[in-house]
Amino acid sequence: MNLELRQLRYFVAVAEELHFGKAALRLHMTQPPLSQTIQGLEELLGAPLFARSRRAVELTPAGQALLPEARRILAASAALSALVRRAAGGEAGRLSLAFVSSADYSVLPPFLRSYRAAFPQVRIALQEATSDVQIDELLRGRIDAGLLIPPLPDKARLELDYLKVLTEPLIAALPAGLAGAAGDAPVSLAALAPLPLIIFPRPIAPALHDAILACFRAAGVTPEIGQEAIQMQTIVSLVSAGMGMALVPQSVSNLMRPGVEYRALRDPAPQVETGLAWRRDTVSPVLQGFLDLLRKNTDADPPDA
């Protein structure tokens with residue numbers, strides 16, 4: 001069926017005017033070609049759309065059924081150009097974003113609010129994943145961007161760009177009542193030495209794992225690793241259960257759990273970085289808009305070369 005939008009426009013004009021002459025004036029054309037177009041449409045659809053007489057023009061049941069659908073099709077076609085312009089400008093489309101669990105307590109919620117306000121017609125697909133999983137998903141082209149903890153492996157740096165978003169110190173997450181200091185006073189790692197350490201497995205987050213152990217070494221303490229967990233929520237829950245203590249990014253203190261206290265460290269605290277990674281060869285308009293807004297809303301560094 002070779003149906004044309006022009007035929008539907010002509011049909012709607014006649015259906016609304018119920019007069020071929022008035023419809024022709026509305027369409028800025030003469031009546032004969034209008035009548036011919038309607039006849040062609042009726043032949044194409046296989047049913048009369050109008051009951052014609054010398055005194056009146058009325059819609060047939062087939063015409064009544066076609067009218068709302070014709071209006072819908074014409075409205076959708078009129079919206080196509082605007083849709084394409086929005087997509088080309090990054091104002092519409094889909095963005096798949098992965099994030100490490102710690103970002104959920106720091107940069108992710110406020111930035112998503114800002115992004116949603118600026119680009120309400122972009123659909124965001126969120127996926128929580130560890131940094132190693134995100135890097136693999138990025139290299140395979142399965143996600144557009146990922147909030148992760150660097151560094152990127154050397155192989156990944158050949159294909160991915162990276163933007164630093166946040167730097168924050170590590171703090172202690174401790175079972176309530178075992179902090180070894182009153183109130184909110186900082187604690188020393190030496191005082192926490194008897195508590196088992198709950199930590200990320202090294203393959204999941206090697207930089208964070210090594211930074212935590214280096215912090216203990218600098219304090220002259222050799223921690224006993226009691227549990228390993230890959231999610232920040234799980235680590236804090238294990239602390240709440242009295243299974244040990246953990247060093248976590250400062251923003252994780254926004255995750256409140258009964259039986260958990262967060263304390264700053266007296267010892268020099270290593271800084272943990274969170275940043276955004278993406279494939280440098282597939283920057284879509286939607287992703288470009290995301291990056292531009294991220295740079296405006298954070299103290300993000302320029303991407304690595």
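How many aromatic pairs does the structure hold? The answer is six, and one of them serves as a stop on this tour of a predicted model.

**Stop 1: helices α1 and α3.** Please select residues 5-17, which form helix α1, together with residues 31-45, which form helix α3. Two packed helices are described by the angle between their axes and the distance between the axes. Here the angle is about 110°, and the axes lie 9 Å apart. Helix α1 is therefore roughly perpendicular to α3, because angles of 65 to 115 degrees are placed in that class. To display the contact, show the side of α1 formed by Arg6, Gln7, Tyr10, Phe11 and Val14. From α3, add Leu34, Thr37, Ile38, Gly40, Leu41 and Leu44. Sorted by class, this contact of α1 with α3 comprises seven nonpolar, three polar and one charged residues.

**Stop 2: leucine 18.** Proceed next to the loop between α1 and α2, where leucine 18 is located. Its phi is near 50°, a positive value in a residue other than glycine.

**Stop 3: an aromatic pair.** Select phenylalanine 20 and phenylalanine 50, whose rings form an edge-to-face pair. A pair of aromatic rings is described by the distance of the centres and the angle of the planes. For these two rings, the values are 6.0 Å centre to centre and 70° between the planes. Phenylalanine 20 belongs to helix α2 (residues 20-26) and phenylalanine 50 to strand β1 (residues 50-52), so the pair ties together parts that are 30 residues apart in sequence.

**Stop 4: strands β3 and β4.** Now select residues 92-99 (strand β3) and residues 121-128 (strand β4). The two strands run parallel and are joined by eight bridges. Within β3, centre the view on leucine 95, which stands opposite isoleucine 124 of β4. Adding residues 108-118 brings in helix α5, through which the chain crosses from β3 to β4. What is the handedness of this β-α-β crossover? The crossover is right-handed.

**Stop 5: a cis peptide bond.** Finally, select proline 150 and proline 151. The peptide bond from proline 150 to proline 151 is cis, with omega near 10°. Proline 151 is situated in the loop between β5 (145-148) and α7 (154-157).

Terms used: Residues numbered from 1 in each chain as written. Predicted model: local features only at pLDDT ≥ 70, side-chain atom pairs only at ≥ 80, totals over all residues. Heavy atoms only, no water. Axes fitted to C-alpha atoms, helices over the stretch in contact; angles between N-to-C directions. Helix = DSSP H or I, 4+ residues; strand = E, 2+ residues; numbered from the N terminus. Parallel < 35°, antiparallel > 145°, perpendicular 65-115°, else oblique. Contact = heavy atoms within 4.5 Å. Nonpolar A, V, L, I, M, F, W, Y, C, P; charged D, E, K, R; others polar. Pairing = 2+ DSSP bridges. Right-handed = clockwise from strand over helix to strand, strands pointing away. Phe/Tyr/Trp six-rings, centres within 6.5 Å; stacked < 30°, edge-to-face > 60°.
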